[in-house]
Amino acid sequence: MVLIPRPRASSANLSMSSSSSIVPCPTFRRPFQHNSNTPITQTNKLKGFFAGSGSDSMSNPYMARAVVDLTERSPRDVSLLYIGTASYDIPKFRRNQTNAFIDLGCDVTSLDVANQRPDQDEMEEAVDNADIILVSGGNTLYALDRWRYLGLDELLRTAAERGTVMAGGSAGAICWFDSGHSDSADPETYRQYKLDKFKDGEPEKKTGNNNNNPFAYYSGNAQEGDSKEEWSYIKVEGLGIWPGMVCPHYDRIQSNGSPRMEDFDQMLEQFGQYELGLGIDHNAALEVDGDDFRVVSIPGEAGSVPISDNEEEEDGTTFVPGVWLKYVDEEGNVQRKVCPRSGSLSDLLQEVNDPEKHMLVDDRVDLCRKENPLLRD
């Protein structure tokens, strides 16, 4: 696998601009401002819900209710469109990630494009009618490539601009941002592997260890004691509706045995020295409502954020799910800061000034595309 070497920015270019940013904002980045062609109103401001896990978060009633509340409508008046391209439209994953919304009373439909090509009119109608667009977890690179091939990417950008709630976990969180720390090179996320595995229904599920451990193996891919698989995380380019590089499952370890929070640091040093990183714990989410944000966590679950003053919650945990901000400093070292529980999005997110210069490319995606070829129909 080939890494594209890039020269590190000079210290002159890393001088910090004055702002109210939560972390330092260097001169090659600027605070995020939504640039819309139309005046921002209550109905067309950007809204999103980005969780650290797909099925575990979206199947949770508390998280599902938070997503629905962003529409400011009664659940029975909400239309949700599920797009399961990243998990190849396998029914199990659709059920896991939509049942909580169905239980709330939402009208749920799906747009299946992983294994078939819908008419353009069908895609447009499905996207136009949605109050919420929920993207599944799975193989981020395959989903984004498939959307671009079909033209669905532009439909999704247009939906975001008119105020549709854009939601999802894992791959469904990465896809909305500039880029992400992705497990798309894991062969067990490849299309043919998944379709073969689930062709006869659901395989027998492993018995997992306690996922209330903030540094547990992510039960979706590995268990403690399993042999480590040889694959690497890769940087995948997203839709760029919001800026930054996202790392989901931030407090978890997957089948390659590499803690995601540590590997994320290495990726920032190699490919993200100009970008702001967002590490989202498995049981946490970043919610965006226009220029307001808040961190949402599944009650009772553990994470990587220490509780202030060493206080313990009632269940005895000392770490809670949360979001971390990460960036490369003037000395080339990765710094981190806990994201506040709420605040202004323009103080949180930062976008690069020159994407062609500052959005660095991970050449390993080309090998991944060869190993997991895109359906071209």
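## A strand and two buried charges

User: Which residue in β11 does glycine 180 stand opposite?
Analyst: Keep in mind that this is a predicted model. Strand β9 covers residues 177-182, and three bridges tie β9 to the parallel strand β11, residues 242-247. Across from glycine 180 in β11 you'll find valine 246.

User: And in β10, which residue is the bridge partner of serine 179?
Analyst: β10 takes in residues 234-237, and four bridges link β10 to β9, with the two running antiparallel. Look in β10 for the partner of serine 179, and you land on glutamate 237.

User: How many of the residues of β9 are buried?
Analyst: β9 is joined by bridges to β11 and also to β10. The strand is mostly covered, and the count of buried residues is six of six.

User: Is lysine 45 buried or exposed?
Analyst: Lysine 45 sits in the loop between β3 (29-31) and β4 (47-51). Its side chain makes a polar contact of 3.2 Å with the side chain of aspartate 289. The cut-off for buried is under 20% relative accessible area. Lysine 45 has 13% relative accessibility, so this residue counts as buried.

User: Why does aspartate 153 count as buried?
Analyst: You'll find aspartate 153 in helix α6, residues 152-161. Setting aside neighbours within four places in sequence, aspartate 153 is in contact with Trp147, Arg148 and Leu239. Buried means under 20% relative accessible area. Aspartate 153 counts as buried because its relative accessibility is 9%.

Definitions and conventions. Residues are numbered from 1 along each chain as its sequence is written. This is a predicted model: local features need pLDDT of at least 70, side-chain atom pairs count only at pLDDT 80 or more; totals for chains, interfaces and linings use all residues. Side-chain values use heavy atoms; hydrogens and water are left out. Buried means under 20% relative accessible area, exposed over 50%, partly exposed in between (1.4 Å probe, protein chains only). Two strands pair if DSSP finds at least two bridges between them. A polar contact is a pair of N or O atoms within 3.5 Å; within protein, one must be able to donate a hydrogen and the other to accept it, and residues adjacent in sequence count only if both atoms are side-chain atoms. Contact means heavy atoms within 4.5 Å.
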